[in-house]
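Me: Please take a close look at a single part of this model, one helix and what packs over it, and then follow the chain outward from there. I would like one connected account rather than a list.

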Amino acid sequence: MALLNNGLTLRLLGSIFAMTSRRYRLGVERIPRDHDGLLLACVHLSHYDPLVISVLMGKKVDWMARAEFYETAFSTWCLEQADGFEIDRFGPALPGLREGLRRLSAGKTVGIFPEGEVSYGSNSVLNGGPLKA
């Protein structure tokens, strides 16, 4: 069981968010409740995005994370506990892409950030910035 990406953790964090911040969930009605795999492509404004988006979705999301986050034992453990999986942005990306497709085929929700990094201002897709190839 993924310690950092399970229903209890999401409910606990959702309660904390509800007490400490205002939440607006726009377009949630468009997300199918029963699906055979869901690809969630999000604009990346902060390193907290996976946590916040998972809580607001109210469901488990397997996030694609760049290989640089797997360089230490602690961050690797955290990502594994959150059901994250590795993508090499500057090397062979095919293993990461295959893992994402495998999880989608298994009916899981997979989260990605097409920008490839935290982007804001003119670099953000929201303002016409580029997506990673």
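Reply: In helix H2, which spans residues 49–57 of this predicted model, the buried residues are Asp-49, Ile-53, Ser-54, Val-55 and Met-57. The cover over these buried residues of H2 includes helix H1 (7–20), strand S1 (38–41) and strand S2 (62–66). Just after H2, Gly-58 takes a positive phi of about 70 degrees.

Met-57, one of the buried residues of H2, also takes part in lining the largest cavity, together with Val-28, Ile-31, Arg-33 and Lys-59. This cavity has a volume of about 30 Å³, and the structure holds 1 cavity of 30 Å³ or more. By class, its lining divides into 3 nonpolar residues, 2 charged residues and no polar ones.

Lys-59, another residue of that lining, leads on to the loop between H1 and S1, where His-35 has its place. Leaving aside neighbours within four places in sequence, His-35 is in contact with Lys-59, Gly-107 and Thr-109. The contact with Gly-107 brings together residues that are 72 apart in sequence, with their C-alpha atoms 6.9 Å apart in space.

The loop between H2 and S2 holds Lys-60, and from here the account turns to charged side chains. Side chains of opposite charge can pair when their charged atoms come close. Lys-60 forms a salt bridge with Asp-62, in which the closest N and O atoms are 2.6 Å apart. How do the two partners stand with respect to burial? Asp-62 has a relative accessible area of 1%, and therefore counts as buried, while Lys-60, with a relative accessible area of 31%, is partly exposed. Lys-60 also meets Asp-83 in a salt bridge, with 2.7 Å from N to O. That pair links distant parts of the chain, since Asp-83 lies in the loop between helix H3 (73–81) and strand S3 (85–87), whereas Lys-60 lies in the loop between H2 and S2, 23 residues apart.

A further salt bridge belongs to helix H4, residues 94–105, in which Arg-103 lies. The side chains of Glu-99 and Arg-103 meet there at 2.7 Å, N to O, and both residues lie in H4, 4 residues apart, or about one turn of the helix. An α-helix has 3.6 residues a turn, so residues three or four places apart point the same way. Arg-103 counts as buried because its relative accessible area is 10%, below the 20% under which a residue is called buried. Not counting residues up to four places away in sequence, Arg-103 touches Asp-62, Asp-83, Gly-84, Phe-85, Lys-108 and Val-110. Two of these, Asp-62 and Asp-83, are thus contacts of Arg-103 as well as salt-bridge partners of Lys-60, Asp-62 in one pair and Asp-83 in the other. A network of salt bridges links Lys-60, Asp-62, Asp-83, Glu-99, Arg-102, Arg-103 and Lys-108, and the structure holds 7 salt bridges.

Another part of the chain to follow is the segment after strand S4 (109–112), where Ser-119 has its place. Ser-119 counts as buried because its relative accessibility is 4%. Not counting residues up to four places away in sequence, Ser-119 touches His-44, Leu-45 and Ser-124. Ser-119 and Ser-46 are 73 residues apart in sequence, and their C-alpha atoms are 8.0 Å apart in space.

Set against the whole chain, these details fall within a fold of 4 helices and 4 strands, whose elements run α-β-α-β-α-β-α-β from the N terminus on. Among contacts between residues at least 6 apart in sequence, 55% join residues at least 24 apart, and the pair of His-35 and Gly-107, 72 residues apart in sequence, is an example of contact across such a separation. Of the 133 residues in the chain, 33% are buried. The accessible surface of the chain comes to about 8800 Å², and 60% of this surface belongs to carbon and sulfur atoms.

Key:
Residues numbered from 1 in each chain as written. Predicted model: local features only at pLDDT ≥ 70, side-chain atom pairs only at ≥ 80, totals over all residues. Heavy atoms only, no water. 1 Å grid on protein atoms, 1.4 Å probe; cavity = no way out; pocket = protein on both sides within 12 Å on 5 of 7 lines; lining within 4 Å. Points joined across faces, edges and corners; volume = space filled by probe spheres on them. Nonpolar A, V, L, I, M, F, W, Y, C, P; charged D, E, K, R; others polar. Buried < 20%, exposed > 50% of the residue type's maximum accessible area, 1.4 Å probe, protein only. Helix = DSSP H or I, 4+ residues; strand = E, 2+ residues; numbered from the N terminus. Contact = heavy atoms within 4.5 Å. Areas by Shrake-Rupley, 256 points an atom, 1.4 Å probe, with all protein chains shown as cover. Salt bridge = Lys/Arg side-chain N within 4 Å of Asp/Glu carboxyl O.
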